[in-house]
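Good morning, colleagues, and thank you for making time for this short presentation. Please look at the structure as it appears, and I shall then take you through several of its features in turn.

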Amino acid sequence: MLLAVGSVLTVSADELPLIQNVNAYESCSLNGEWNYIVDVQEEGYYDYRMNPTAWGFFRNAKPQRPEDLIEYDFDKSPTMKIPSDWNTQDERLFFYEGTVWFKKSFDAVPMQDCRTLLYFGAVNYDCHVWVNGKKAGHHVGGFTPFNYDISNLLVKGENTVIVKVDNKRHAEDVPTQIFDWWNYGGITRDVKLVKVPQVYLEDYDLQLQKVADKAKVREITFSAKLNTKEADHKVVVNIPELKLEKQLTTDAEGRVSTTLKVAAKKLQLWSPENPKLYRVDLSVDNSTTSDEIGFRTIETREKQILLNGKPIFLKGISIHNEKPNGGGRANTVEDAHTLLSWAKELGCNFVRLAHYPHHEEMVREAERMGILVWSEIPVYWTIAWTNPQTFANAKQQLTDMIARDHNRANVIIWSIANETPHSAQRDDFLGRLAKYARTLDNTRLISMAMEVTGASNYVNRLNDNMNQYVDVVSFNQYIGWYRDVNDAPKMKWEIPYNKPVIISEFGGGARYGYHGAKNQRWTEEFQENLYKENTAMLDKIDGLAGTTPWILKDFRSPRRVLPGVQDYYNRKGLLSDKGEKKLAFYVLKKWYETK
């Protein structure tokens, strides 16, 4: 592969703020076959830690003399398709958690007046990156993208990228040491070399402002910032279909902002029924990129969620970022389309992408298909609440999630946590995250999946101090599964907050094709009856504005070990791991038809 790359004045490569709309730039894919070495004891990194000039794997060293001792060779090692997870690519690594080294070679031709960014869609979990033996950077977090400026590390001709990936779990990580999904290791999303101008739009934001119902003019706010703090650069924003164009000049911070006005009757609002996207052209000096952006408003009014000023019931389903047929990390447009098509067939206008940011094409495909999105960071269960590094990690993942998707019209909820036990330390941690999220994006709703524990005389009363920080009160409940199977018809709910309610999880397990009585665990009839009783119960909740039952399809989990039934799959899916519909699928579909 051949890419013209640029030279710049910087002296070292480092992780940059995430580039917005990376697909708008000329790029060279590094997807495909990568050599890999399984390094159980981290021998290839040990030398580097002790002595950065030693012969660690990152150097891709070759013997220069017959007597030279080098105990590895990437070129003689096996290859693995990237992007992928190593668990489903190499049967020896199915349960493996540890370090694997990856190496890719590519050709480059230096070119003036541009930069070259090395972009990773996601690497799980802790990764170090070297280019031609020189350190490009270090990234922590398994589900968000990152990029490095590697212009000064490239040479004419053959170049190598070497990535050390470590997916071991730790108590201070985000997610923490125990979680209920498969810990897929590897370079799990796209890798590409991206050519950008010396000065480019690092980030931009277009949002439709809320107005009175019958306003004749609508306002779209536009703001942007360059990758450098420089004044007097010309920035042009143009929406051809709306005949809107504005030329701006950056201030000393490299920023611009303005308001675009358009007649209300000319503007088609994005909605599930009409997922309208407008081409937006963005220019800096003489360089132009394009994006497709929809315009809509999202807000709450007492116990209602309003999309474009009108109440909407969110007919949702939760989804893990796992391939439609069997296990493995989902990472293609085709994966996204299949999963979302099943959700559409179920009657959904909304999906909860749990429990971490899914790949970008999942969000964009949902936007094209008219499906609203709840996007979440993996602050899950018992996080190390008092550890400053854990908070910094969560904050960075929140930053990267919002940075990537804040122009997507279908994303309406940023979720900061799932099922976190109550404590003062937890409230402080999550409260700070919620406040920070609003500084990044004050146009969307903030929520989290709370947990309801216990009931008195069949009355559940939600009591969570985080109610003051969220716009939508969301909680998980498993009556009929983790609670007595006969409780649902008797259960009542008291939610003492004047806010909309989303039931972010409910459901129970069944193995596809296993049939029996409705009170027999693991049968499709048991799950079917559970959904009938739960949906009848949920209809009685005051302020119910939506649900995202758990879950669209069966997914792999190391916690689910029952032989012949689970076999390392969480069986709460409405479809099997192969996409086969269970009886409960049709119960939820029928219920959604009434909404």
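I begin with a pair of neighbours in sequence: Arg426 and Asp427 form a salt bridge, in which the closest N and O atoms lie 2.9 Å apart. Arg426 is buried, and Asp427 is buried as well. I should say at once that the model before you is predicted.

The pair belongs to a longer list, since the count of salt bridges comes to 43. A second example joins the side chains of Glu345 and Lys581, at 3.3 Å from N to O. This salt bridge links distant parts of the chain, 236 residues apart: Glu345 belongs to helix 3 (residues 333-346), while Lys581 sits in the loop between strand 34 (569-570) and helix 8 (583-592). Glu345 has a relative accessibility of 36% and therefore counts as partly exposed. Lys581, at 24%, likewise counts as partly exposed.

A third example lies within one helix. Glu360 and Arg364 form a salt bridge whose closest N and O atoms are 3.0 Å apart. Because these two residues are 4 apart in helix 4 (residues 360-369), about one helical turn separates them. Glu360 counts as buried because its relative accessibility is 11%, under the 20% cut-off. Arg364 also has a relative accessibility of 11% and counts as buried. Both residues take part in a network of salt bridges that links Asp291, Glu360, Arg364, Glu367 and Arg408.

Let me turn to the strands. An open sheet is formed by 5 strands in the order 2-10-7-12-3, with antiparallel pairing. Strand 2 (15-16) and strand 3 (27-29) stand at the edges with a single partner strand each, so one side of each has no neighbour in the sheet. Within this sheet, strand 7 (residues 114-120) pairs with strand 10 (residues 146-149) in the antiparallel sense over 4 bridges. Phe120 stands opposite Phe146 of strand 10.

Elsewhere, Asn238 lies in strand 15 (residues 234-239). Its relative accessibility is 18%, so Asn238 counts as buried. Leaving aside residues up to four places away in sequence, Asn238 touches Leu244, Glu245, Arg279, Val280 and Asp281.

Finally, I come to the cavities. The count is 4 cavities of 30 Å³ or more, and the largest has a volume of about 100 Å³. Which residues are closest to the centre of the largest cavity? Of the 15 residues in its lining, they are Asn124, Tyr125, Pro175, Phe179 and Asn183. The lining divides into 7 nonpolar, 4 polar and 4 charged residues.

Methods:
Residues are numbered from 1 along each chain as its sequence is written. This is a predicted model: local features need pLDDT of at least 70, side-chain atom pairs count only at pLDDT 80 or more; totals for chains, interfaces and linings use all residues. Side-chain values use heavy atoms; hydrogens and water are left out. Buried means under 20% relative accessible area, exposed over 50%, partly exposed in between (1.4 Å probe, protein chains only). Contact means heavy atoms within 4.5 Å. Two strands pair if DSSP finds at least two bridges between them. On a 1 Å grid over the protein atoms alone, a cavity is a set of points where a 1.4 Å probe fits but cannot get out, and a pocket is an open set with protein on both sides within 12 Å along at least five of seven lines; lining residues have an atom within 4 Å of a point. Grid points are joined across faces, edges and corners, and a volume is the space filled by probe spheres set on the points. Ala, Val, Leu, Ile, Met, Phe, Trp, Tyr, Cys and Pro count as nonpolar, Asp, Glu, Lys and Arg as charged, and the others, Gly among them, as polar. A salt bridge is a side-chain nitrogen of Lys or Arg within 4 Å of a carboxyl oxygen of Asp or Glu.
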